[in-house]
Structures are given as structure tokens and as C-alpha cells.
Amino acid sequence: MKRRNFLKNSSAATAGLISAPLIASCKNDVEKKAANPEKIKLTRPIAICTWNFKNATAKAWEVLKDGGSSLDAVQKGAMVEEADVNNQTVGVGGRPDRDGNVTLDACIMDKDGNCGAVLCMQNIASPISVARKVMEETPHVMLAGKGAEKFAYEQGFEKVNLLTEKSKQEWLEWKKTSEYKPIINIENHDTIGILAIDKNGDISGACTTSGMGYKYAGRVGDSPIIGAGLFVDNEIGAATATGVGEEVVRTVGSFLIVELMRQGKSPQEACEEGVKRIMSKNAGRNDFQIGFIAINKKGETGGYCIQPGFTYRTYSEEGHVNNPTESFIKA
């Protein structure tokens, strides 16, 4: 059942609603392409991700510099964080739900619009890899819960205890001191979203998370939802989200960002508009975090968030990286 066998040496600062990152970019080899009939410069390859997950973008860059596909790059990059037990928001070592179970969500999308996702999956260390198997080996887009876990075993994935001793002890302490109900905690959902363009100019994206810490059992946020946590249109660009997933789902956030770019907005303008739309529906709230990053077909990047914390790393054709700086303007 197989379905398918930074363009200038510059930094762009943005200001706005509550906070904004400074995006670091690196010079790239460029190609010229006719367009209407003007010629535009294309930046390739490129890999960016949410947060300061430098090891993830470094791994993605290894794939890209060797001529690999953007799909392989985003998967390999995401897998780095899924395997890092010190990252308690993704994969092994992720914070459990309020019943003490670690459940993982992920999705992946390629240049042709093919996509796969797993939701609320337990006992499997790399949900992004299972999501790709869903995309390539089944006629479906999403598998959830025990079904996703069973499918993973059928595909050769091993059963793993995802709850590390550190995360277990923190959960036990939380039960003593916190109200036994889901709470919005902006420290507990640092999803990794990763976007890449390969040497052929093709775009892919991936998103993976263990979700909001101490959530209700069965809760799923935006991360594995195509159009919410991630969206790719190879003609236009791609976007991915981080933060409180419920707010992204309500606005179909990543799809919105890509559509705004289709209408002519830059990635930066699109990300700002997407965040502002969410905030307009949540006037007066300051208890949650939301943000987007995006790339367009030219390799231009953008990002915007309502809380400090984003770091963007962009790798050039030469493999160099500028240490990104963060600049925030608070209301």
C-alpha cells in the first residue's frame, strides 16, 4: 500500500505585538530562475527550526550538504531531539500526561503534499519516523494511540520506556504541589518544528512533540495536525508552529501563514499576521505562548512569537552558521 516509491549576509529584526526575534542568516549560493519574466534569486539549501535546537539543524544540514532531500533532512533533524533525554518536550524523556504516561505526536509533509502523522502514541522513541512510515506505507494520513503503536511495531520499531527518572520525579512532585488539572505552562511545550529546502528547491517540513506537560490523557495539540502545526506548499513555502496548540488549531495556523505568503506577504509579515490574529481573539490574556516560523520558495525566512525564547539557526551552502542573537521588544 505504498503511497510513493538565507540569501543575504544580513539580520532582520522585527518588532510588534509583544516580542520578536532577530533572525540570523547566512550567504548562500544562488540560482536564477525566470519568473514573470523577472529573475529571482533562490536560496538553497537551507534548514531552520524553532527554538535553539542547533543539533537538529546541524543534522539536517549534514543531509542537505551531501545532496540529500529536504524530506530526509527534516526527519533526521527532528530525530536528534526525539532521542535527547535532556529535552523534556520531545521524544524520550518527554514530560508525561497527568496520569504519568508519555504520549508523543508528530507529523511530516513532503514537496508533493504527501503527509503522515501519529497522535497520542506511546512506547516508540521516534514518532517522526513512524509518521513518515504512515505517509509512505499506508493509504492514511493519521494513526492514533494503540493503532499507531501497533503499526510502529509492524514496521520494525522497538518498544521503549519513554519516561525517564528525571521526568518521573518531576511529575510526582507536580502532583503534590499543583492543582490536578491541565494548566497552561509556557515552559512545557517547546515543540520542534523544522523546515528545509534542498538543492533542487524542494521544501519539506516536520513537527514533533510530547505535548503539554501534565495534560489530560488523550489530549492532542496542533503538532501532528497538518495545516495547524505544519503545512508545506512547494510552490509557495512552508510554516510550522510552537506554543499552546489549542490556539493554533483554532486558526489553522500554519496553513494560514502559507496562504498569506501566497497572497504576497513575506514570511516575516505572514508570521506576524498569524500571531496577531490569534491574539485578537485572546485580548487581555498573558498566560500562553504562540509562535510561527516560515520559509518561502526563495529561501527567505520569518518568525514571530508572543513570548521571548525563539532562536533561529540557518545553515548556508558553505555550511557556516551565524550565532543568532535575540532581540525582544516588550509591550
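This is a short tutorial dialogue on reading a few features of a predicted model.

Me: Let's start with the cysteines. How many disulfides does the structure hold?

Reply: First the general idea: a disulfide is a covalent bond between the sulfur atoms of two cysteines. In this predicted model there are zero disulfides.

Me: Why does Cys-115 have no bond to Cys-107?

Reply: Distance settles that one. A disulfide needs the two sulfur atoms within 2.5 Å, and the sulfur of Cys-115 is 7.9 Å from that of Cys-107, its closest cysteine sulfur, so the gap is too far for a bond.

Me: Is Cys-115 buried or exposed? And Cys-120?

Reply: The cut-off for buried is under 20% relative accessible area. Cys-115 has 9% relative accessibility, so it counts as buried. Cys-120, at 18%, also counts as buried.

Me: Now the helices. How do I describe a packed pair?

Reply: Two packed helices are described by the angle between their axes and the distance between the axes. Take H7 (residues 253–262) and H8 (residues 267–280): their axes come within 9 Å and cross at roughly 135 degrees. The two helices are therefore oblique to each other, and the crossing is right-handed.

Me: Which residues meet there?

Reply: From H7 come Leu-256, Ile-257, Leu-260 and Met-261; their partners in H8 are Pro-267, Ala-270, Cys-271, Glu-273, Gly-274 and Arg-277. By type, this contact has seven nonpolar residues, one polar and two charged.

Me: One last residue: where does Glu-81 lie, and what does it touch?

Reply: Glu-81 lies in helix H2, residues 70–82. With a relative accessible area of 4%, Glu-81 is buried. Leaving aside residues up to four places away in sequence, Glu-81 touches Phe-53, Asn-55, Ala-56, Asn-87, Val-90 and Ile-192.

Notes. Residues numbered from 1 in each chain as written. Predicted model: local features only at pLDDT ≥ 70, side-chain atom pairs only at ≥ 80, totals over all residues. Heavy atoms only, no water. Buried < 20%, exposed > 50% of the residue type's maximum accessible area, 1.4 Å probe, protein only. Axes fitted to C-alpha atoms, helices over the stretch in contact; angles between N-to-C directions. Helix = DSSP H or I, 4+ residues; strand = E, 2+ residues; numbered from the N terminus. Parallel < 35°, antiparallel > 145°, perpendicular 65-115°, else oblique. Left-handed = near helix turned anticlockwise from the far one by under 90°. Contact = heavy atoms within 4.5 Å. Nonpolar A, V, L, I, M, F, W, Y, C, P; charged D, E, K, R; others polar.
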